[in-house]
Amino acid sequence: MTKIKVFDVREDELPALEQWKAAHQVEVEVELIESPLDIEQLAQLADVDGISISQTTQFDSAFYKVLADNGIYHIAQRSAGYDQFDLEAANLENVKISNVPSYSPQSIAEFAVTRTLELVRHTAQIDRNMAQNDFTWNLNLQGRTVESLKIGVLGTGRIGSRAAKIFKGFGSEVLAYDIAPDARLKDVVTYVDSLETLISQVDVLTLHVPGSKENHYLINEAVLKLAKPGLLLINAARGSVVDTQALIRSLEDGHVAGVAIDTYENEGAYFRYDWGNRELEDEILKALLKHDKVLLSPHVAFYTDEAVKNLVDIPLDDVLSFIHTRQAQNIVNP
């Protein structure tokens, strides 16, 4: 019988995993592993035909050869992002990586818009005041309407295009930059010729580009200096897209007025884990958590019922397809 191991299983994935197991129980044995794929787990793959791992797995390029030696030439990633993989190293061992390019773009787009509304209407400050029985009105609480703002969308793919449409529904003017402009959005966005042009003209910049070598620190100190004063920045894309230290400096000097961060460049050891009884070791993360101008969330923009089911079903379907045909729908390094 075909055997698949699913690593780094979360409790919220269990209902969908059990449904998939039940639907394929005649032909597939599925073993669910709570721990991530690591050296210890690599030594236990002799009878395994396929694997799936989560987006937070720290993947060592030395793993590719071990997988190949065990006859496993495909890794099904349970996320859209796959920046933890060295695709060139994978190709050297003929190991294919698949992802889930579209599990719920609407979920992420709606979250980005939600965080924008929170920044624009100062809801975090309102909540802090209320917790202290401070019921006064002051300029720190005075917001703006979203329709009065010029919105910038960096990346107009599955997620960015949906965010743009939602903002357009509020009546906002929406500008965008993408290396491949989408003609279907001609009534939604006005494309500009560069990121630099975009950030210099908008009140809100929402990021929807993949994590990649080309996009590493795409939002850096030089780019932030070009921002329109008072910029609000939303990152529900990948943490590696933003130079966090440069962003904090821009917040401190007042050039950037507020930030919503759902993905942080060093999130791997922290997001999804309870650090309530431990001292945080990451000074940058501590600075973000303490900053009044930062809304921080633990990579949950995607986190809806619809998304979790798709993040289970699509990778396992790809694993089974690759086992049978050496092909899968969502391979990123063909």
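# A tour from helix to helix

Begin with helices H5 and H7: their crossing is right-handed. That word means the near helix is turned clockwise from the far one by less than a right angle; anticlockwise would be left-handed. This is a predicted model, in which local features need pLDDT of at least 70 and side-chain atom pairs count only at pLDDT 80 or more, while totals for chains, interfaces and linings use all residues. Residues are numbered from 1 along each chain as its sequence is written, and side-chain values use heavy atoms, leaving out hydrogens and water. Helices (H or I, at least four residues) and strands (E, at least two) are DSSP runs, numbered from the N terminus.

**Stop 1: the helix pair**

Select H5 and helix H7 (residues 158-169). They pack at an angle of about 45°, with their axes 8 Å apart. Axes are lines fitted to C-alpha atoms, for helices over the stretch in contact; angles run from 0 to 180 degrees between N-to-C directions. H5 and H7 are therefore oblique to each other. Under 35 degrees would be roughly parallel, over 145 roughly antiparallel, and 65 to 115 roughly perpendicular; the rest is oblique.

Which residues of H5 meet H7? Show the side chains. From H5 come Pro105, Gln106, Ile108, Ala109, Glu110, Val113 and Thr116. From H7 come Arg158, Ile159, Arg162, Ala163, Ile166 and Phe167. Contact here means heavy atoms within 4.5 Å.

**Stop 2: the sheet of 7 strands**

Keep helix H5 (residues 105-120) on screen. H5 lies across S9, S10, S11 and S12, and runs at about 150° to S10. Now colour the whole sheet. It is open, has 7 strands in the order S8-S7-S6-S9-S10-S11-S12, and its pairing is parallel. Which strands are at the edges? They are strand S8 (190-191) and strand S12 (294-296), and each pairs on one side only. Two strands pair if DSSP finds at least two bridges between them.

Zoom in on one edge. Strand S11 (residues 256-261) pairs with S12 over 3 bridges, in the parallel sense. Pick Ile261: Leu296 in S12 stands opposite.

**Stop 3: two positive phi angles**

Most residues other than glycine have a negative phi. Two residues go the other way. Select His122, in the loop between H5 and helix H6 (123-131). Its phi is positive, about 55°, although His122 is not a glycine. His122 counts as partly exposed at 27% relative accessibility. Buried means under 20% relative accessible area, exposed over 50%, and partly exposed in between (1.4 Å probe, protein chains only).

Move on to Asn133, in the loop between H6 and strand S6 (150-154). Phi of Asn133 is near 60°, also a positive value. Is Asn133 buried or exposed? Asn133 is exposed, with a relative accessible area of 58%.

**Stop 4: the sheet of 5 strands**

Find the open sheet with the order S2-S1-S3-S4-S5; it has 5 strands and parallel pairing. At its edges are strand S2 (28-32) and strand S5 (96-98), each pairing on one side only. On average, neighbouring strands here are turned by 20° against each other, direction ignored.

Look at strand S1 (residues 2-6) and strand S3 (residues 50-54): they run parallel, joined by 3 bridges. Ile4 has Gly50 in S3 as its bridge partner. Next, add helix H1 (residues 14-23), which lies across S1 and S2 at about 160° to S2. Then add helix H12 (residues 305-325), which packs on the sheet and touches S1, S2, S3, strand S4 (74-78) and S5. The direction of H12 makes about 170° with that of S4.

**Stop 5: salt bridges**

How many salt bridges does a search of the whole structure find? The count is 17. A salt bridge is a side-chain nitrogen of Lys or Arg within 4 Å of a carboxyl oxygen of Asp or Glu.

Select Asp47 and Lys3, whose side chains meet at 3.3 Å, N to O. This pair links distant parts of the chain, 44 residues apart: Asp47 is in the loop between helix H2 (39-42) and S3, and Lys3 is in strand S1. Asp47 is partly exposed at 47%, whereas Lys3 is buried at 10%.

Try Asp203 and Lys228 next, with their closest N and O atoms 2.9 Å apart. Here Asp203 is buried at 13%, and Lys228 is partly exposed at 30%.

Glu279 and Lys286 form another salt bridge, at 3.4 Å. Glu279 counts as exposed at 59%, while Lys286 counts as buried at 16%.

Finish with a group. Select Arg10, Asp12, Glu13 and Arg78: a network of salt bridges links them.
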